[in-house]
Amino acid sequence: MKKLTELVFDNTYARLPEALYSRVKPTPISAPYLVSFNRTAAELIDLNESEACRPEFVEYFSGNQLFPGADPIATLYAGHQFGSWVTQLGDGRAILLGEVRNQKGARWDLQLKGAGQTPFSRGFDGRAVLRSTIREYLCSEAMHHLGIPTTRALCITGSDMPVHRERIETAAVLVRMAETHVRFGTFEVFAARGQYEHVKTLADYVIKEFYPELADERDKYAAFLREVVRRTARLMAQWQAVGFTHGVMNTDNMSVLGITLDYGPFGFMDEYDEAFIPNHSDYGGRYAFNQQPHIGLWNLSCFAHALLSVVSEDAAFAALDLYEADFNNSYGELMRAKLGFVEAREDDSSMLKELLDAMQASAVDYTIFFRRLAGFKQETEERDELLRDMFIDPMRFDGWAAKYRARLQAEGSVDGERAAKMNRVNPKYILRNYMAQRAITEATERRDFTEIERLLDLLRAPFDEQLERETYAAPSPDWGKRLVVSCSS
Ligand code: AMP
Ligand code: MG
């Protein structure tokens with residue numbers, strides 16, 4: 001385990017042509033203090049957790065002091081935002097410090113989000129507020145521990161420096177980690193400008209660094225596109241299965257690694273609602289829960305289009321053609337596991353649809369229902385009251401349950417075994433909006449960060465019973481269901 005000063009930084013991206021980024025130093029924040037430190041992420045860079053107690057820690061990770069060897073940059077990208085092309089975006093408030101390689105050879109980009117203006121800030125202040133930083137920090141860790149690919153988060157530093165949003169808030173810097181933060185939009189910007197040499201350079205870089213297994217393929221660019229299609233399809237299936245809505249699936253928020261990136265007005269569903277829209281600025285519902293699989297493909301088609309200087313049209317279409325089957329297979333597999341089925345059967349999808357329709361009609365809590373379903377008994381004649389009580393029309397549940405029981409019997413399902421398996425895929429704890437909000441209120445109003453720690457700890461084991469924390473497994477209180485989340489962050 002390393003001390004802070006032993007972290008060795010490299011920045012391979014900063015050795016690419018300068019058209020791809022801009023060198024920029026973080027702008028210091030006044031009197032930074034540590035809000036939260038995530039030892040689980042620190043392990044990824046072999047950083048000793050006791051280092052968080054050193055006064056220099058907040059200096060380095062707020063951007064006030066530079067690590068030796070770090071070559072900080074802001075990367076250029078563009079993107080389709082809500083379906084419209086925006087010619088230039090780029091890291092307007094995120095600064096990439098560089099990469100740290102751990103003992104096992106894995107490399108991690110360390111990025112400061114909220115570290116001040118860059119040449120890509122477009123007149124905005126380059127800052128992040130504590131509120132949104134806490135949401136990203138908690139959610140990215142929650143997703144990771146749910147088994148969903150995502151950026152990670154090392155720590156949050158705060159400052160009393162005022163930041164103007166709808167009201168005055170205070171600044172914070174999130175240290176975000178990923179193998180790379182390259183987005184679909186990073187490719188799109190150069191393709192749109194006709195700078196095809198940069199498209200090729202970037203593709204070569206991403207393949208060499210992150211898809212080395214594709215480097216020797218006959219058509220490595222097409223293979224790369226196919227892999228991004230497959231990973232994105234899988235990611236969309238994982239979001240759908242867990243009931244997560246990203247909220248702002250612009251192409252600049254889509255990772256070329258197929259990981260969840262850029263947490264803004266996201267939401268985990270409380271009551272099942274296929275049209276759930278977590279982002280209150282998304283008036284048309286473009287990024288509603290049930291639109292995500294389709295938007296994933298739409299975004300991939302933008303990405304494929306950006307690669308047309310290195311991938312033939314036929315190969316691009318063939319790659320995109322993989323999406324639907326990949327998504328359906330992944331989603332089917334994940335939902336079968338949630339239902340406790342081992343075998344795949346023809347009418348599984350209609351059985352699932354019937355269940356989801358009934359859940360929608362009764363506004364049944366998605367997470368709680370699946371967790372309780374593990375306790376379903378095949379042999380007993382008596383109805384499972386805990387489950388049927390969740391439905392306004394319990395008879396509708398009974399009708400479904402009869403089919404479910406028959407389906408379980410048909411594959412020789414064993415109750416105890418099935419329950420154990422289901423509890424490993426149906427989380428007991430998710431990051432409900434109200435939970436994040438409570439942690440935010442305590443942090444912003446009382447400078448009390450204990451709830452952040454408690455949630456971080458809770459969400460590290462979302463499938464465990466954690467009996468002393470049972471209250472977090474309850475439905476959201478009414479105030480929590482009505483919380484408004486906007487893009488402002
Ligand atoms: P986001 O909605 O966070 O994905 O951001 C979309 C784009 O706006 C990205 O290019 C961000 O870098 C930029 N951006 C968002 N907020 C700020 C800010 N406060 N200052 C500068 N740029 C920002
Ligand atoms: Mg973004």
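A residue counts as near a ligand if one of its heavy atoms lies within 4 Å of that ligand. In this predicted model, 16 residues surround ligand 1, and G90, G92, R122, D125 and G126 come nearest. By residue class, the shell around ligand 1 divides into 7 charged, 6 polar and 3 nonpolar residues. The space that ligand 1 takes up is the largest pocket.

Three side chains make polar contacts with ligand 1. For D125, a polar side-chain atom lies 2.8 Å from a nitrogen atom of the ligand. The other two contacts involve oxygen atoms of ligand 1: a polar side-chain atom of R93 is 3.2 Å from one, and an N or O atom in the side chain of D262 is 3.3 Å from one. On its own, ligand 1 has 480 Å² of accessible area, of which the protein covers 82%.

D262 also leads to the metal site. Ligand 2 is a magnesium ion, and its protein donors are N253, through OD1, and D262, through OD. These donors lie 2.0 to 2.1 Å from the ion. Both N253 and D262 are buried, with a relative accessible area under 20%. D262 therefore appears in both sites, as a donor to magnesium and in a polar contact with ligand 1, given the 3.5 Å limit for such pairs.

Notes
Residues are numbered from 1 along each chain as its sequence is written. Chains are lettered from A and ligands numbered from 1 in the order in which they are written. This is a predicted model: local features need pLDDT of at least 70, side-chain atom pairs count only at pLDDT 80 or more; totals for chains, interfaces and linings use all residues. Side-chain values use heavy atoms; hydrogens and water are left out. A polar contact is a pair of N or O atoms within 3.5 Å; within protein, one must be able to donate a hydrogen and the other to accept it, and residues adjacent in sequence count only if both atoms are side-chain atoms. Accessible areas come from the Shrake-Rupley method with a 1.4 Å probe; for residues, only the protein chains shown count as cover. On a 1 Å grid over the protein atoms alone, a cavity is a set of points where a 1.4 Å probe fits but cannot get out, and a pocket is an open set with protein on both sides within 12 Å along at least five of seven lines; lining residues have an atom within 4 Å of a point. A molecule sits in a cavity or pocket if more than half of its atoms lie within 2 Å of its grid points. Ala, Val, Leu, Ile, Met, Phe, Trp, Tyr, Cys and Pro count as nonpolar, Asp, Glu, Lys and Arg as charged, and the others, Gly among them, as polar. Donors are N, O and S atoms within 2.8 Å of the metal (3.2 Å for Na, K and Ca); water is not among the atoms, so sites may look incomplete. Buried means under 20% relative accessible area, exposed over 50%, partly exposed in between (1.4 Å probe, protein chains only).
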